[in-house]
Number of protein chains: 2
Amino acid sequence: MTDVAREAGVARVTVSRVISAPESVAPVTRAAVEAAIARLGFVPNLNAGTLASSRSRIVGALVPTLSNAWFADTIDGLSVTLSAAGYQLLLGQTRYDTREEERLVDAFIGRRVDAMVLTGTQHSSGVRAKLQRAGIPVVECWDLSDSPIDTVVGFSNTAAGAAVARHLLARGCQRLGFIGAQEHRSSQRLQGFREAAKEIGISNVAVQLVQPPSSVDDGARSLEALIAAQPALDGLFCSNDTLALGALMACRHNKWVVPQRIAIAGFSDLPVAAASVPALTTVRIESRELGERTGSLLVQRLRGETENSPRVHDLGFKLVVRESA
Amino acid sequence: MTDVAREAGVARVTVSRVISAPESVAPVTRAAVEAAIARLGFVPNLNAGTLASSRSRIVGALVPTLSNAWFADTIDGLSVTLSAAGYQLLLGQTRYDTREEERLVDAFIGRRVDAMVLTGTQHSSGVRAKLQRAGIPVVECWDLSDSPIDTVVGFSNTAAGAAVARHLLARGCQRLGFIGAQEHRSSQRLQGFREAAKEIGISNVAVQLVQPPSSVDDGARSLEALIAAQPALDGLFCSNDTLALGALMACRHNKWVVPQRIAIAGFSDLPVAAASVPALTTVRIESRELGERTGSLLVQRLRGETENSPRVHDLGFKLVVRESA
DNA sequence: ATGAAAGCGCTAACAT
DNA sequence: ATGTTAGCGCTTTCAT
């Protein structure tokens, strides 16, 4: 930068201003500086800027894994929104591990991110404390919460689970099953599913849990296990579409006709859900919008447009009834 | 840090050493410093460290979009590998746009990333020049190249396309079609596909191109357009599984029996490819491994283990023959 | 509209 | 094994 200043015959601050607040510099001066920048191929060191200004223009985001299309879509939406506003995205994967989440939060705070995005609303007290102490905007997404760290953008996983149960029961299912990953949002869906089933007197749900991240094979194996234990099963809720697709595959292998023999519902509405045979009934989550909304909320906050926006943003969900249930 | 030093009764450097090279500090001193760090809840400012040492421990990665599961998987593998080695991942999406790629490269260099990962081997001269000038390790992935910027980790897209053509021809297809996204790697696959077809005298390939990122619907619509123009089409190559799944969907709607009426092959082997009906013949790319390999190569380089490793790493591909072709 | 001075919080290089 | 000094490349604040 000193070089650019010398080349343009101005002080270093002026170069700095041309970069971060061009309109505060006289057009002639600005042109000279810009020419010098171009001539020297100068790329400002943003870390030095961060150090001096204590604003990094980096947002940190944590997801369990990118291998699940729904989280990848959320990050896609987030990344586009942030990028358009001049923010960079630092990404971490927790692998559904609390200790890893805490480690990453530390690392990101060490980098002085301007804001953090977390997946889910269950976090260790360490994470909550560190984030609070950092004093930066935090968005938790993919669920709702009564005690958000700061802001929440999501939907009610229990309500979604309940909606699926009501649908299966309405179409006449009597013996319900559930296949889900061992993680919090999946448990919430199960809880809602159970409560709604109980309301009409069905208190027995056959449950099969798998280690996240869940695979198509997990879904197939789990359904076979479920049917082995409970041959009369006629209604199945899978906590995500990947598992549901696997369950459909198991049905084809075993000639269990869907939805007659057994009705199956998934969760999240992957693009392939509509293309499966039979087409998958599922709960649509607008994963990408979730990320976009998170991003624009954060950008507003960071711009200081502190409009007293609510702490909880419920984006809802939608039961998409196709052929499988 | 000054606070920690005072609290522990040592100089600031000592605190610095406890953090970055603990073994160079006497156990007693170290314990005192660690206690002080814990007491004050001190989180070192990594940007200051970057500025002073000119090592950021950040790797920048650029993909066209995360909404394609194959790229998301590559980033997943990359992220895990880098994270284990103490590196953070700065992520950007180019949206298949060269200008956006260049903008992001600038932004990442400005952040003084220690290394860069790019998708594909076609980049503007500006990008090449900037990266060269930055003097950092660069890995281009998802293709091979004769003139890599630095290192390449991928496979031959043309060879993969040729393999698909040979397979379709071997099973008796006579009138070939291709559906692909308008982007370079897809074109490479088409090129290989065409060349292999020509070798046995078939020089006519009906082509339908779509704007990336490609969707299931794109695949369905494209096949219908293709068949409208060329009713005798009996062999189809889709440049990715998403498009192929859409094509299968169109076949079901129109009662075109697969593979008898028309054989269909996809690309990348998404988990759902095996679950589709009929099961999709495709080319398996180990997307996740591709990211892991990229990460470990980079970590080696950054550690200075400059072992004269080759510049081009061909991870290959595998034709997976299922039911659809 | 432009500049001078000071300092952000670390690490490198050289002592001791 | 620990400390001293200098400086990384910016932005801030206050002048002019």
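Start by selecting DNA strand C and everything around it: 24 residues surround this strand, counting a residue as near if one of its heavy atoms lies within 4 Å. The closest are Thr14(A), Arg17(A), Thr29(A), Arg12(B) and Ser16(B). Before you go on, note that this is a predicted model, in which local features need pLDDT of at least 70 and side-chain atom pairs count only at pLDDT 80 or more, while totals for chains, interfaces and linings use all residues. Residues are numbered from 1 along each chain as its sequence is written, chains are lettered from A and ligands numbered from 1 in the order in which they are written, and side-chain values use heavy atoms, with hydrogens and water left out.

Now colour strand C by atom type. Of its atoms within 4 Å of the protein, 63% belong to sugar or phosphate and the rest to bases. Zoom in on the polar contacts (pairs of N or O atoms within 3.5 Å; within protein, one must be able to donate a hydrogen and the other to accept it, and residues adjacent in sequence count only if both atoms are side-chain atoms). Ser16(B) puts a side-chain N or O atom 2.2 Å from a phosphate oxygen of strand C. Backbone atoms take part too: a polar one of Ala11(A) is 2.9 Å from a phosphate oxygen, and an N or O of Ala26(A) is 2.7 Å from one. The elements giving two or more residues to this surface are helix H2 (12-20) and helix H4 (46-53) of chain A, along with helix H2 (12-20) and helix H4 (46-53) of chain B. Helices here are DSSP runs of H or I with at least four residues, strands are runs of E with at least two, and both are numbered from the N terminus. H4(B) gives the most, with five residues.

Stay on H4(B) for a moment. At its start, a side-chain oxygen of Asn45(B) reaches to within 2.8 Å of the backbone nitrogen of Asn47(B). The helix is followed by Ser54(B), whose phi is positive, near 50 degrees.

Next, select DNA strand D. Which residues are closest to it? Look for Met1(A), Arg12(A), Ser16(A), Arg17(B) and Thr29(B), among 23 residues that surround the strand. Here 58% of the strand D atoms within 4 Å of the protein belong to sugar or phosphate, and the rest to bases. Phosphate oxygens of strand D lie 3.2 Å from a backbone N or O atom of Asn45(A), 3.3 Å from a side-chain N or O atom of Arg55(A) and 2.8 Å from a backbone N or O atom of Ala11(B).

Switch to cartoon and find the sheet. It is open, with 12 strands in the order S11(A)-S5(A)-S4(A)-S3(A)-S1(A)-S2(A)-S2(B)-S1(B)-S3(B)-S4(B)-S5(B)-S11(B) and mixed pairing; two strands pair if DSSP finds at least two bridges between them. At the edges, strand S11 (312-314) of chain A and strand S11 (312-314) of chain B each pair on one side only. Inside chain A, strand S1 (residues 58-63) and strand S3 (residues 115-119) pair in the parallel sense over three bridges, with Ala61(A) opposite Val117(A).

Last stop: superpose the chains, by least squares on the C-alpha atoms of residues with pLDDT of at least 70 in both. Chain B lays on chain A with an RMSD of 0.1 Å after a turn of 180 degrees and a shift of 0.0 Å along the axis, which is the relation of a two-fold axis. To find that axis from chain B, select Leu90(B), whose C-alpha is the nearest in that chain, at 2.3 Å.
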